[in-house]
Amino acid sequence: MGGTFDPIHHGHLVAASEVQAWFDLDEVVFVPTGDPWQKADRQVSPAEDRYLMTVIATASNPRFRVSRVDIDRDGPTYTIDTLRDLSAQMPDAQLYFITGADALAEIFTWRDASELFELAQFVGCTRPGYDMDEATLAAIPSERVTMVEIPALAISSTDCRLRTARGEPVWYLVPDGVVQYIAKHHLYTASGATASEQK
Ligand code: ATP
Ligand code: MG
(Lines give C-alpha, C1' and ligand atoms only; values in the text may rest on other atoms or scores of the structure.)
(Ligands and ions follow the chains in the order given, each with its own letter.)
Protein backbone atom coordinates (compact mmCIF):
# COMPACT_ATOMS: atom_id res chain seq x y z
CA MET A 1 0.00 0.00 0.00
CA GLY A 2 1.63 3.19 -1.17
CA GLY A 3 0.91 6.57 0.31
CA THR A 4 2.35 9.82 1.51
CA PHE A 5 1.21 8.93 5.04
CA ASP A 6 1.55 12.55 6.17
CA PRO A 7 0.27 11.43 8.67
CA ILE A 8 -0.92 7.81 8.50
CA HIS A 9 -4.51 7.61 9.84
CA HIS A 10 -7.16 5.01 10.65
CA GLY A 11 -8.61 5.19 7.12
CA HIS A 12 -5.34 3.74 5.81
CA LEU A 13 -5.20 1.10 8.53
CA VAL A 14 -8.78 -0.07 8.11
CA ALA A 15 -8.35 -0.30 4.33
CA ALA A 16 -5.15 -2.35 4.75
CA SER A 17 -6.75 -4.64 7.31
CA GLU A 18 -9.84 -5.23 5.18
CA VAL A 19 -7.84 -6.03 2.05
CA GLN A 20 -5.48 -8.30 4.01
CA ALA A 21 -8.44 -10.29 5.28
CA TRP A 22 -10.36 -10.23 1.98
CA PHE A 23 -7.49 -11.72 -0.05
CA ASP A 24 -5.91 -13.60 2.88
CA LEU A 25 -2.62 -11.80 2.20
CA ASP A 26 0.53 -12.92 4.01
CA GLU A 27 1.41 -9.32 4.75
CA VAL A 28 0.63 -5.74 3.88
CA VAL A 29 3.69 -3.66 3.09
CA PHE A 30 3.21 0.06 3.67
CA VAL A 31 5.43 2.08 1.35
CA PRO A 32 5.75 5.77 2.25
CA THR A 33 6.55 7.83 -0.84
CA GLY A 34 9.81 9.62 -1.32
CA ASP A 35 9.18 12.84 -3.18
CA PRO A 36 5.54 12.63 -4.32
CA TRP A 37 5.30 14.34 -7.69
CA GLN A 38 1.50 14.67 -7.47
CA LYS A 39 1.92 16.80 -4.34
CA ALA A 40 4.51 19.27 -5.63
CA ASP A 41 2.11 22.08 -4.70
CA ARG A 42 2.65 21.62 -0.98
CA GLN A 43 5.58 20.88 1.23
CA VAL A 44 5.49 17.29 2.41
CA SER A 45 6.90 16.40 5.83
CA PRO A 46 10.37 14.83 5.88
CA ALA A 47 10.34 11.22 4.68
CA GLU A 48 11.90 10.05 7.94
CA ASP A 49 8.99 11.48 9.97
CA ARG A 50 6.41 9.89 7.67
CA TYR A 51 8.30 6.59 7.78
CA LEU A 52 8.50 6.59 11.59
CA MET A 53 4.81 7.46 12.00
CA THR A 54 3.98 4.57 9.67
CA VAL A 55 6.17 2.22 11.72
CA ILE A 56 4.53 3.37 14.97
CA ALA A 57 1.04 2.90 13.53
CA THR A 58 1.67 -0.59 12.16
CA ALA A 59 4.08 -2.06 14.74
CA SER A 60 1.50 -4.07 16.69
CA ASN A 61 0.08 -5.91 13.66
CA PRO A 62 2.17 -8.99 12.76
CA ARG A 63 0.87 -8.84 9.18
CA PHE A 64 1.88 -5.22 8.64
CA ARG A 65 5.36 -3.98 7.80
CA VAL A 66 6.90 -0.85 6.34
CA SER A 67 9.28 -0.67 3.39
CA ARG A 68 11.83 2.05 2.72
CA VAL A 69 12.14 1.36 -1.03
CA ASP A 70 10.59 4.66 -2.07
CA ILE A 71 12.19 6.89 0.53
CA ASP A 72 15.65 5.42 -0.11
CA ARG A 73 15.40 5.89 -3.91
CA ASP A 74 16.48 9.29 -5.20
CA GLY A 75 14.14 11.41 -7.29
CA PRO A 76 10.36 11.49 -7.49
CA THR A 77 8.39 8.37 -6.58
CA TYR A 78 6.69 6.44 -9.35
CA THR A 79 4.59 3.40 -8.53
CA ILE A 80 6.19 1.47 -11.38
CA ASP A 81 9.56 1.72 -9.56
CA THR A 82 7.94 0.70 -6.27
CA LEU A 83 6.52 -2.44 -7.84
CA ARG A 84 9.76 -3.28 -9.65
CA ASP A 85 11.78 -2.93 -6.44
CA LEU A 86 9.34 -4.98 -4.36
CA SER A 87 9.14 -7.74 -6.92
CA ALA A 88 12.95 -7.87 -7.10
CA GLN A 89 13.06 -8.22 -3.29
CA MET A 90 10.29 -10.86 -3.27
CA PRO A 91 10.54 -12.64 -6.63
CA ASP A 92 8.05 -15.35 -5.65
CA ALA A 93 5.42 -13.02 -4.23
CA GLN A 94 2.17 -12.26 -5.93
CA LEU A 95 1.80 -8.51 -5.47
CA TYR A 96 -1.40 -6.60 -4.81
CA PHE A 97 -1.29 -2.82 -4.95
CA ILE A 98 -3.81 -1.33 -2.53
CA THR A 99 -5.12 2.11 -3.34
CA GLY A 100 -8.10 4.29 -2.52
CA ALA A 101 -10.71 5.12 -5.16
CA ASP A 102 -9.32 8.65 -5.54
CA ALA A 103 -5.80 7.48 -6.34
CA LEU A 104 -7.04 4.70 -8.60
CA ALA A 105 -9.01 7.22 -10.64
CA GLU A 106 -5.75 8.93 -11.51
CA ILE A 107 -4.00 5.73 -12.47
CA PHE A 108 -3.74 6.59 -16.13
CA THR A 109 -1.70 9.65 -15.31
CA TRP A 110 0.88 7.39 -13.66
CA ARG A 111 4.09 6.51 -15.44
CA ASP A 112 3.94 3.29 -17.51
CA ALA A 113 0.31 2.66 -16.52
CA SER A 114 -0.14 -0.43 -18.67
CA GLU A 115 2.97 -2.11 -17.25
CA LEU A 116 1.65 -1.52 -13.74
CA PHE A 117 -1.09 -4.05 -14.33
CA GLU A 118 1.46 -6.66 -15.36
CA LEU A 119 3.39 -6.32 -12.12
CA ALA A 120 0.51 -6.39 -9.66
CA GLN A 121 -3.13 -7.03 -9.07
CA PHE A 122 -4.74 -3.68 -8.16
CA VAL A 123 -7.20 -3.32 -5.31
CA GLY A 124 -9.34 -0.20 -5.25
CA CYS A 125 -10.83 0.64 -1.85
CA THR A 126 -14.00 2.67 -1.60
CA ARG A 127 -13.45 6.02 0.09
CA PRO A 128 -16.12 8.45 1.31
CA GLY A 129 -16.40 11.47 -0.99
CA TYR A 130 -14.80 9.80 -4.00
CA ASP A 131 -16.73 7.89 -6.63
CA MET A 132 -15.05 6.30 -9.62
CA ASP A 133 -16.64 7.61 -12.80
CA GLU A 134 -17.84 5.15 -15.42
CA ALA A 135 -15.18 6.11 -17.95
CA THR A 136 -12.33 5.37 -15.53
CA LEU A 137 -13.85 2.09 -14.43
CA ALA A 138 -14.40 1.04 -18.02
CA ALA A 139 -10.80 1.80 -18.98
CA ILE A 140 -9.28 -0.35 -16.25
CA PRO A 141 -8.69 -4.01 -17.17
CA SER A 142 -11.27 -5.68 -14.94
CA GLU A 143 -9.23 -8.86 -14.46
CA ARG A 144 -6.42 -6.77 -12.94
CA VAL A 145 -8.43 -4.50 -10.66
CA THR A 146 -10.76 -5.51 -7.86
CA MET A 147 -12.90 -2.97 -6.07
CA VAL A 148 -13.36 -3.67 -2.36
CA GLU A 149 -15.96 -1.99 -0.19
CA ILE A 150 -14.42 -1.01 3.13
CA PRO A 151 -16.03 0.52 6.23
CA ALA A 152 -16.34 4.22 5.44
CA LEU A 153 -13.98 6.44 7.39
CA ALA A 154 -14.08 10.03 6.19
CA ILE A 155 -10.55 10.73 7.41
CA SER A 156 -7.82 12.33 5.31
CA SER A 157 -4.25 13.34 6.09
CA THR A 158 -5.07 16.82 4.80
CA ASP A 159 -7.80 17.16 7.42
CA CYS A 160 -5.47 15.84 10.16
CA ARG A 161 -2.84 18.45 9.19
CA LEU A 162 -5.38 21.26 9.14
CA ARG A 163 -6.85 20.23 12.46
CA THR A 164 -3.39 20.20 14.05
CA ALA A 165 -2.57 23.61 12.58
CA ARG A 166 -5.80 24.98 14.08
CA GLY A 167 -5.07 23.42 17.47
CA GLU A 168 -7.91 20.91 17.11
CA PRO A 169 -7.51 17.29 18.27
CA VAL A 170 -6.61 14.36 16.02
CA TRP A 171 -7.15 11.80 18.78
CA TYR A 172 -8.91 8.70 17.42
CA LEU A 173 -8.40 9.81 13.81
CA VAL A 174 -4.80 8.58 13.97
CA PRO A 175 -3.24 6.00 16.34
CA ASP A 176 -2.26 7.29 19.79
CA GLY A 177 1.46 6.98 19.09
CA VAL A 178 1.05 9.11 15.98
CA VAL A 179 -0.80 11.82 17.96
CA GLN A 180 2.17 11.89 20.32
CA TYR A 181 4.75 11.85 17.50
CA ILE A 182 3.06 14.84 15.83
CA ALA A 183 3.10 16.80 19.09
CA LYS A 184 6.67 15.86 19.99
CA HIS A 185 8.03 16.91 16.58
CA HIS A 186 5.76 19.94 16.15
CA LEU A 187 4.50 18.71 12.79
CA TYR A 188 1.76 20.62 10.96
CA THR A 189 1.96 23.75 13.09
CA ALA A 190 0.59 26.92 11.54
CA SER A 191 3.98 28.40 10.69
CA GLY A 192 5.16 25.30 8.87
CA ALA A 193 4.23 23.20 5.89
CA THR A 194 0.49 23.59 6.12
CA ALA A 195 0.35 27.38 6.15
CA SER A 196 -0.52 27.63 2.46
CA GLU A 197 -3.32 25.07 2.84
CA GLN A 198 -5.15 27.24 5.37
CA LYS A 199 -5.76 30.05 2.92
P1 ATP B 1 -3.78 13.60 1.63
O2 ATP B 1 -5.02 14.27 2.16
O3 ATP B 1 -2.50 14.23 2.08
O4 ATP B 1 -3.82 13.29 0.15
P5 ATP B 1 -4.72 10.93 2.22
O6 ATP B 1 -5.58 10.85 3.44
O7 ATP B 1 -5.39 10.92 0.88
O8 ATP B 1 -3.74 12.17 2.37
P9 ATP B 1 -2.59 9.36 1.18
O10 ATP B 1 -1.30 9.10 1.87
O11 ATP B 1 -2.66 10.31 0.06
O12 ATP B 1 -3.65 9.79 2.32
O13 ATP B 1 -3.28 7.99 0.76
C14 ATP B 1 -2.63 6.77 0.60
C15 ATP B 1 -3.65 5.79 0.03
O16 ATP B 1 -4.69 5.54 0.99
C17 ATP B 1 -4.36 6.32 -1.22
O18 ATP B 1 -4.50 5.26 -2.13
C19 ATP B 1 -5.70 6.78 -0.69
O20 ATP B 1 -6.70 6.72 -1.67
C21 ATP B 1 -5.95 5.77 0.43
N22 ATP B 1 -6.80 6.32 1.48
C23 ATP B 1 -6.54 7.40 2.24
N24 ATP B 1 -7.52 7.64 3.13
C25 ATP B 1 -8.46 6.69 2.93
C26 ATP B 1 -9.74 6.41 3.54
N27 ATP B 1 -10.22 7.17 4.52
N28 ATP B 1 -10.43 5.35 3.07
C29 ATP B 1 -9.93 4.59 2.06
N30 ATP B 1 -8.74 4.79 1.44
C31 ATP B 1 -8.00 5.84 1.86
MG1 MG C 1 -4.42 11.49 -0.83
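In this predicted model, strand β5 is largely enclosed by the rest of the structure, because four of its five residues are buried. The chain leaves β5, passes through helix α7, which covers residues 134-139, and arrives at β6, and this β-α-β crossover is right-handed. β5 belongs to an open sheet of three strands, ordered β4-β5-β6 and paired in parallel, while a further open sheet of three strands, also with parallel pairing, has the order β1-β2-β3.

**The sheet β4-β5-β6**

- Strands of a sheet pair through backbone hydrogen bonds, and the pairing can be either parallel or antiparallel.
- The three strands of this open sheet follow the order β4-β5-β6, with parallel pairing, and because β4 and β6 (145-148) stand at the edges with a single partner strand each, one side of each is left without a neighbour in the sheet.
- On average, and with direction ignored, neighbouring strands of this sheet are turned by 25° against each other.
- Between β4 and β5 there are five bridges, and the two strands pair in the parallel sense; within this pairing, F97 has F122 of β5 as its bridge partner.
- Strand β5, made of residues 121-125, is joined to β6 by four bridges, and these two strands run parallel.
- Along that second pairing, F122 stands opposite V145 in β6, and C125 stands opposite V148 in β6.
- Helix α1 packs on the sheet, where it touches β4, β5 and β6, and its direction makes about 140° with that of β4.
- Strand β4 is largely enclosed by the rest of the structure, because four of its five residues are buried.

**The sheet β1-β2-β3**

- This open sheet also has three strands, in the order β1-β2-β3 and with parallel pairing; since β1 and β3 stand at the edges and have a single partner strand each, one side of each is left without a neighbour in the sheet.
- Strand β2, which covers residues 28-32, is mostly covered, with five of its five residues buried.
- The burial of β2 extends to both of its faces, for V28, F30 and P32 are buried on one side, and V29 and V31 are buried on the other.
- Strand β1, residues 2-3, is joined to β2 by two bridges and runs parallel to it, and in this pairing G2 stands opposite V31 in β2.
- To go from β1 to β2 the chain crosses through α1, and this β-α-β crossover is right-handed.
- Three bridges join β2 to β3, a strand of residues 64-66, and the two run parallel; here the bridge partner of V29 in β3 is R65.

**The surroundings of ligand 1**

- Ligand 1 is surrounded by 18 residues, of which the closest are G3, G11, G100, S157 and T158.
- Two or more residues of this shell come from each of the elements α1 (10-23), β4 (96-100), α5 (101-105) and α8 (157-165).
- Helix α1 gives the most to the shell around ligand 1, with three residues.
- By residue class, the shell around ligand 1 divides into six nonpolar, nine polar and three charged residues.

**A loop residue, Q43**

- Q43 is placed in the loop between β2 and α2 (47-58).
- Q43 counts as partly exposed because it has 14 C-beta neighbours inside 10 Å, whereas a residue counts as buried if 20 or more other C-beta atoms lie within 10 Å of its own.
- From C-alpha to C-alpha, Q43 and V145 are 31 Å apart in space, and in sequence they are 102 residues apart.

Key: Residues numbered from 1 in each chain as written. Chains lettered and ligands numbered in written order. Predicted model: local features only at pLDDT ≥ 70, side-chain atom pairs only at ≥ 80, totals over all residues. Near = placed C-beta within 6 Å. Nonpolar A, V, L, I, M, F, W, Y, C, P; charged D, E, K, R; others polar. Pairing = 2+ DSSP bridges. Axes fitted to C-alpha atoms, helices over the stretch in contact; angles between N-to-C directions. Contact = placed C-beta atoms within 7 Å. Buried ≥ 20, exposed ≤ 12 C-beta atoms within 10 Å, placed from the backbone. Right-handed = clockwise from strand over helix to strand, strands pointing away.
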